Amino acid sequence: MPTNAPNTPDNSPESSSNFPFVGWLRDVAPYIHSFREKTFVIAFAGELAQEIGLENLIEDIAMLHAMGMRIVLVHGIRPQIEEQLMLRNITSKFGKSALHSYRITDAAALECVKEAAGELRLDIEAAFSRGLPNTPMAGSRISVISGNFITAMPVGVVEGVDYIHTGLVRKVDSTSIKLSLDSNKIVLLSPLGFSPTGQAFNLAYEDVAASAAAALKADKLIFLSPYSGLKDDEDNYITELSLPQLQEYISAHKDIDFGMKSLLNISSRAIRAGVSRVHFLPANQDGALLEELFTHDGIGMMLASSDIENLREANQDDVGGILQLTMPLEEEGILAARGQDVIERDIHRFSVIEHDRVLFGCAALFPFPNGVGELACLAVDPDVQGSGDGERLLKRIEMRAKQEGIKSLFVLTTRTEHWFLKRGFKRASVDDLPEERKQIYNWDRKSMVLTKDL
């Protein structure tokens, strides 16, 4: 695809293949536009700081902030607490309920919690103070604010175990956090909370992140954790789940890691409280955050309240997306040429399939007399071919046809005859077309005619 760059000295135009950055930027630009001014709560386990370090993650978050995203950052400290306990020769103590495994935080352990939280918080603030090194933004100032945004309450006594200074989030000061975000600050939350009487409590960072996301009605809650993702029955990692699908999965799989199960329960609570999406990413993989946000396939698992994929009828806002899908196929001669004016005129005849608000497929239905309809303009993005989107669009068109009283469908194709034959179509001839369609048949294309009774 030609670029807008000037020609090289030998007068041969460059193409985007010579500049991978150009293609990459075009791919991510829609995501940047969509995410601007959106609120993201990003939570990372303390293991991340130990295994791959903070530097790259902080640079990635600073870049998101520079793009206009509103960032609340939550950090965990479990391994850091263990280090402090070992230095003081204190043994870790845990209690376990049906859904959670809590640390028993006595007075000595609470001092270790404070030490670990304070040290990591200072490291994070120091990393943000460096800005974006080796970039034009190296001298820019990124302000981070932290404070007593979290009101906590004690876990109390559970199944006969007193958890002492271990707590749960009682309330999030969302008003103050929003004011900070409005002032272009990054808000940093540590897994510590305070009661109205000033008592400190050790909190789970997952609880802090989910509660903050719920209070802010965040657009995304992102966990970078040490837990492995969920696998389907064929041992493949699951990339997307709706809340109902998650509940079915948990009911059918009793061997989920205890920590992951707890994280899923907390995330489900956040979704029910109004958080749009929850993402689960590996904490030990550098760049996981950017790959998840700016690529279609991502790298982790995404949880939403309902199905992320949406199959629906098209509207005028979809014209541009349909053109992007169909124009490359028209240039290859796979689809008959249709201009923007034609698609705008016939938009009510199209069905589209979108994924997280991006169009990945389309198809159209055109009725003719005597209960006959034409399936036309069936196109699926090459990146998702083989995922079943074409099959779903075909079924949608068949459903619409039945609703309109159409008894049989026909399709004209030059390259995909066998795909349709596998789905119940049969070979036919131009003479079998309705008279109106026969009159505009393009003999230069010599398309094959296939029909299917509904």
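A residue counts as buried when its relative accessible area is under 20%, as exposed when that area is over 50%, and as partly exposed in between. With that in hand, a good place to start in this predicted model is C377. This residue has a relative accessibility of 5%, so it falls on the buried side of the cut-off. C377 sits in strand β20, which covers residues 372-380. Its backbone also stands out a little: phi of C377 is near 60 degrees, a positive value in a residue other than glycine.

E37 brings up a similar backbone feature. Here phi is positive too, at about 70 degrees, although E37 is not a glycine. Instead of a strand, the setting for E37 is the loop between α1 and β1 (39-44).

The helix on one side of that loop, α1, spans residues 20-35 and holds F21. Together with W24 and L25, F21 makes a nonpolar surface patch of about 330 Å². As for F21 itself, its relative accessibility is 54%, and it therefore counts as exposed.

Charge gives the surface another patch, this time a negative one. Its members are E83, E115, E119 and D123. Which helix gives the most to the negative patch? That is helix α5 (residues 107-129), with three residues. E83, on the other hand, lies in helix α4, made up of residues 78-87. E83 is partly exposed because its relative accessibility is 41%.

Helix α5 turns up again when it comes to charge pairs. Side chains of opposite charge can pair when their charged atoms come close. Within α5, E111 and K114 lie three residues apart, about one turn of the helix. Their side chains meet in a salt bridge, with 3.7 Å from N to O. What about the cover over the two partners? E111 has a relative accessible area of 43% and so is partly exposed. K114, at 37% relative accessibility, also counts as partly exposed.

How many salt bridges does the count come to? The answer is 20. One of them joins the side chains of R70 and D182, at 2.8 Å from N to O. This pair links distant parts of the chain, with R70 in strand β2 (residues 70-75) and D182 in helix α6 (residues 174-182), 112 residues apart. Are its two ends buried or exposed? R70 is buried, because its relative accessible area is 16%. D182 has a relative accessible area of 53%, so this end of the bridge is exposed.

Another bridge brings together the side chains of K231 and D235, and here the N to O distance is 3.5 Å. K231 is partly exposed, given its relative accessible area of 29%. D235 reaches 52% relative accessibility and therefore counts as exposed. Elsewhere, R312, D318 and E354 are joined into one network by salt bridges that share partners.

Conventions
Residues are numbered from 1 along each chain as its sequence is written. This is a predicted model: local features need pLDDT of at least 70, side-chain atom pairs count only at pLDDT 80 or more; totals for chains, interfaces and linings use all residues. Side-chain values use heavy atoms; hydrogens and water are left out. Patches are made of residues with over 30% relative accessible area and no salt bridge: like charges are joined within 9 Å, nonpolar side chains (Val, Leu, Ile, Met, Phe, Trp, Tyr) within 5 Å. Accessible areas come from the Shrake-Rupley method with a 1.4 Å probe; for residues, only the protein chains shown count as cover. A salt bridge is a side-chain nitrogen of Lys or Arg within 4 Å of a carboxyl oxygen of Asp or Glu. Lys and Arg count as positive and Asp and Glu as negative; His and the chain ends are not counted. The place of a charge is taken as NZ of Lys, CZ of Arg, CG of Asp or CD of Glu. Helices (H or I, at least four residues) and strands (E, at least two) are DSSP runs, numbered from the N terminus. Buried means under 20% relative accessible area, exposed over 50%, partly exposed in between (1.4 Å probe, protein chains only).
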